[in-house]
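Reader: Could you give me a close look at one part of this model, the open sheet in chain B and what packs around it? I'd like to see how that part sits with the rest, so feel free to wander outward once the sheet is clear.

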Protein chains: 2
Amino acid sequence: MSAADLVAAADGLARFTTEIFVRAGLSNAHALTVADALVWANLRGVDSHGVMRVPRYVELIEVGDLNPNPAITVKTETPAAVLIDADRAAGPVAMTFGMTAAVRKARALGVGLALVRGTTHTAALGYYTLAAARENMAALALAGSTPNMAYHGARAAGVSTSPISIAVPGGEHAPILFDMGTGIVSIGKLMRAKHTGQSISDGWALDQSGNPTTDPQAAHIPMPLGGPKGSGLSLMIECIASVLAANPLLSESLEGTAVGHRHRQNGLALAIDIARFVDIGTFRDEIDRLVKAIKRLPRDPSVDEILVPGERGDRVFETRTRDGIPIPRATYEALRRVAEKLGVTMFPTSER
Amino acid sequence: MSAADLVAAADGLARFTTEIFVRAGLSNAHALTVADALVWANLRGVDSHGVMRVPRYVELIEVGDLNPNPAITVKTETPAAVLIDADRAAGPVAMTFGMTAAVRKARALGVGLALVRGTTHTAALGYYTLAAARENMAALALAGSTPNMAYHGARAAGVSTSPISIAVPGGEHAPILFDMGTGIVSIGKLMRAKHTGQSISDGWALDQSGNPTTDPQAAHIPMPLGGPKGSGLSLMIECIASVLAANPLLSESLEGTAVGHRHRQNGLALAIDIARFVDIGTFRDEIDRLVKAIKRLPRDPSVDEILVPGERGDRVFETRTRDGIPIPRATYEALRRVAEKLGVTMFPTSER
């Protein structure tokens, strides 16, 4: 955090964000969900998926890609699975709907699957898997999106930095919360490098013309994690989250069709009811035991501590809940412009 | 393939492998399944998961870790999910049982989950997901194993190179078959480097004492794919394939308990019935369309061709089905020793 950063309390930021989305046409309930998902990401230190997305979401409403009043409908349903048409709902609204359905079905039959078709930016997937883990589920979420990452062997964006999140509850330990993109580096990290001017590693990115670059100003297309592994995994996410839901994204974009130019995402939520397979107390104890065993491994001197997935975010969450969320000046200004347009009062900040 | 390699036809190799496992105590049906899974891997060029595993499997039977006559039982069952106790069955037997159950459940309810507890080396996971894809399923398989890969930030094996496989059917194109380990490099590739003496890349491996090395003779513990991404994904596979099935592997090994020293694996199979969510013809056509769009991307001059997951294996399969499977002399000799011990005639080979 630079000296010029502002700091905002989570509740004020959430009230502000809710108000923005209510003015932009969302119901109060939907606006609350979107605000909660975005501020949650900020609280955990995932600022790339936090309130800095607000101006973009508002823009998506203005151009008609995000439907503020979606008619979310169930297209196919069995006692264990459901295909939901999100009608271009805000991602947090659609994905919360999907994960809730998956959890309900898992409660009944041990496993529940929700395919969420036609949503918009799904925000941080960990928001949904963590919610399910808090209900004693093992949960997995995927999101398919339009091309923004190089496909292995190609010099252009062919797939998306599609994320995968998995979460399980712990006992004394917090839930283990894993959330990774399929790129070697995130779009957010490339954007930060552009702002700071720090050069980026060889093999991280292509420029807009598809040439490898280490120039942060030119870097545009992240490379896949581990070459064919990351781009292959991302392609499979398109197959099972998008093609399976009858809403292909990559083909449409790569062929340059009219719909291919629009912002569109699909999601998949899977929940497994732990208690159906193992005593829940035993499971929680075993997760704690596993965390302890991992943290006791001989430490690489280049790191301060061995961490399990989600642990760093848990700590940032604690600090930011207490001390507030740093808001870069550029983010603040972008939010102020949206707030002015919609007639919303800015959230309170302090300087530090 | 070196000039000294032998070549074997798939059918002779499969008959030999079946005979070995029958003599080692498996039923004819189980021996056929194990042989088919191993020779399938050879045919696709995944020799690390082919018949070179036969001596190790026989050893696992001798020491009591692989049960040749398992009583595979269903511990928990719902119409959508099942927990199977494999009773230390050979991996291909247990995983085939699991994926078959998952497919049956998916046929009924759209999604089917099988947790396979207490199996042994699961061989190539693509064998099971491909089988499901051929039945018009989107399929996913995971396998949990004992620690053999560095955990991010640790200088010791803390997790396993746990694989994840996903497959979907194509139309004119073959099924897309993805199968990746969570390591930056596979154990098999480290073993090959040891044989060839080629030095390995910086950041690929630790030696037995946990120090980073580029010496192929010293390299022992592969590093995780993308640091915290690969080791985090592997840890989550342990959580949902092992801890959820009440058969934790990593904690037991890392704590050095008696059972922790034994060879044990767990698997997870998930099947989704495509036709329940989208017309199967449309799905197949859309997969073909996606493959075409990916292969039309501007090519990186450093590769000959842009490939989709499974495509390379499909081609090797074609070649090896026609021309035979190359068997390195060392593999042949190891198989000969096992064959002698069990009184099995060697498979026919030619030289080339």
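Author: Here's a walk through the sheet of chain B, then its surroundings, then the other chain. Keep in mind that this is a predicted model.

Let's start with the sheet itself. Seven strands of chain B line up as β2-β3-β4-β13-β5-β8-β9, making an open sheet with mixed pairing. At the edges you'll find β2 (73-77) and β9 (176-181) of chain B, each of which pairs on one side only. Going from one strand to the next, the twist averages 15°.

Now zoom in on one pair in that order. Strand β4 (residues 111-119) of chain B and strand β13 (residues 265-273) of chain B run antiparallel to each other and are joined over seven bridges. If you want a spot to click on, try Gly112(B), which stands opposite Ala271(B) in β13(B).

Two helices are worth pulling up next. Helix α4 (residues 91-109) of chain B packs on the sheet and touches β3 (81-85), β4, β5 (137-144) and β13 of chain B. The direction of α4(B) makes about 160° with that of β4(B). Then there's helix α5 (residues 126-133) of chain B, which lies across β5, β8 (163-168), β9 and β13 of chain B. This one runs at about 20° to β8(B). Both helices touch β5 and β13 of chain B.

The loop that leads from β3 to α4 in chain B has a nice backbone detail. Arg88(B) lies in that loop, and its phi is positive, about 60°, although it is not a glycine. Is Arg88(B) buried or exposed? Arg88(B) counts as buried, because it has 23 C-beta neighbours inside 10 Å. A second case turns up in the loop between α7 and α8 of chain B, where Ala246(B) has its place. Phi of Ala246(B) is near 60°, again a positive value in a residue other than glycine. Ala246(B) has 20 C-beta neighbours inside 10 Å, so it counts as buried too; the cut-off for that is 20 or more.

There's also a helix pair in chain B to look at. Helix α3 (residues 54-62) of chain B and helix α11 (residues 329-342) of chain B have axes that come within 9 Å and cross at roughly 35°. On the α3(B) side the contact is made by Val54(B), Pro55(B) and Val58(B), which meet Ala334(B), Leu335(B) and Val338(B) in α11(B). By type, that contact has six nonpolar residues, no polar ones and no charged ones.

Next, how chain B meets chain A. The contact takes 66 residues from each of chain B and chain A. Several strands of the sheet take part: β3, β4, β8 and β9 of chain B each give two or more residues to the side that touches chain A, as do α7 (228-243), α8 (250-254) and α9 (280-295) of chain B. The most comes from α7(B), with nine residues. The side of chain B that touches chain A divides into 47 nonpolar, 10 polar and nine charged residues.

The nonpolar core ties in here. The largest one has 252 residues, and Met99(A), Leu244(A), Met99(B) and Leu244(B) have the most contacts inside it. Leu244(A) is a good one to follow: leaving out residues up to four places away in sequence, it touches Leu115(A) and Cys239(A), and also Ala138(B), Ile272(B), Ile274(B), Phe277(B), Val278(B) and Phe283(B). As a general point, nonpolar side chains in soluble globular proteins tend to be buried together.

Finally, the sheet in chain A. There, too, seven strands form an open sheet, with mixed pairing and the order β2-β3-β4-β13-β5-β8-β9. Its edge strands are β2 (73-77) and β9 (176-181) of chain A. Strand β8 (residues 163-168) of chain A pairs with β9(A) in the antiparallel sense over six bridges, and Ser165(A) stands opposite Asp179(A) in β9(A). Helix α7 (residues 228-243) of chain A packs on this sheet, touching β5 (137-144) and β13 (265-273) of chain A, with its direction at about 95° to that of β5(A).

For the whole of chain A, the secondary structure comes to 11 helices and 15 strands, and 58% of the 352 residues count as buried. The radius of gyration of chain A is 20 Å, which agrees with the value near 20 Å for a compact globule of 352 residues.

Methods: Residues numbered from 1 in each chain as written. Chains lettered and ligands numbered in written order. Predicted model: local features only at pLDDT ≥ 70, side-chain atom pairs only at ≥ 80, totals over all residues. Axes fitted to C-alpha atoms, helices over the stretch in contact; angles between N-to-C directions. Helix = DSSP H or I, 4+ residues; strand = E, 2+ residues; numbered from the N terminus. Contact = placed C-beta atoms within 7 Å. Nonpolar A, V, L, I, M, F, W, Y, C, P; charged D, E, K, R; others polar. Rg over C-alpha atoms; globule rule 2.2 N^0.38 Å. Buried ≥ 20, exposed ≤ 12 C-beta atoms within 10 Å, placed from the backbone. Core = buried A, V, L, I, M, F, W, Y, C linked by C-beta atoms within 7 Å. Pairing = 2+ DSSP bridges.
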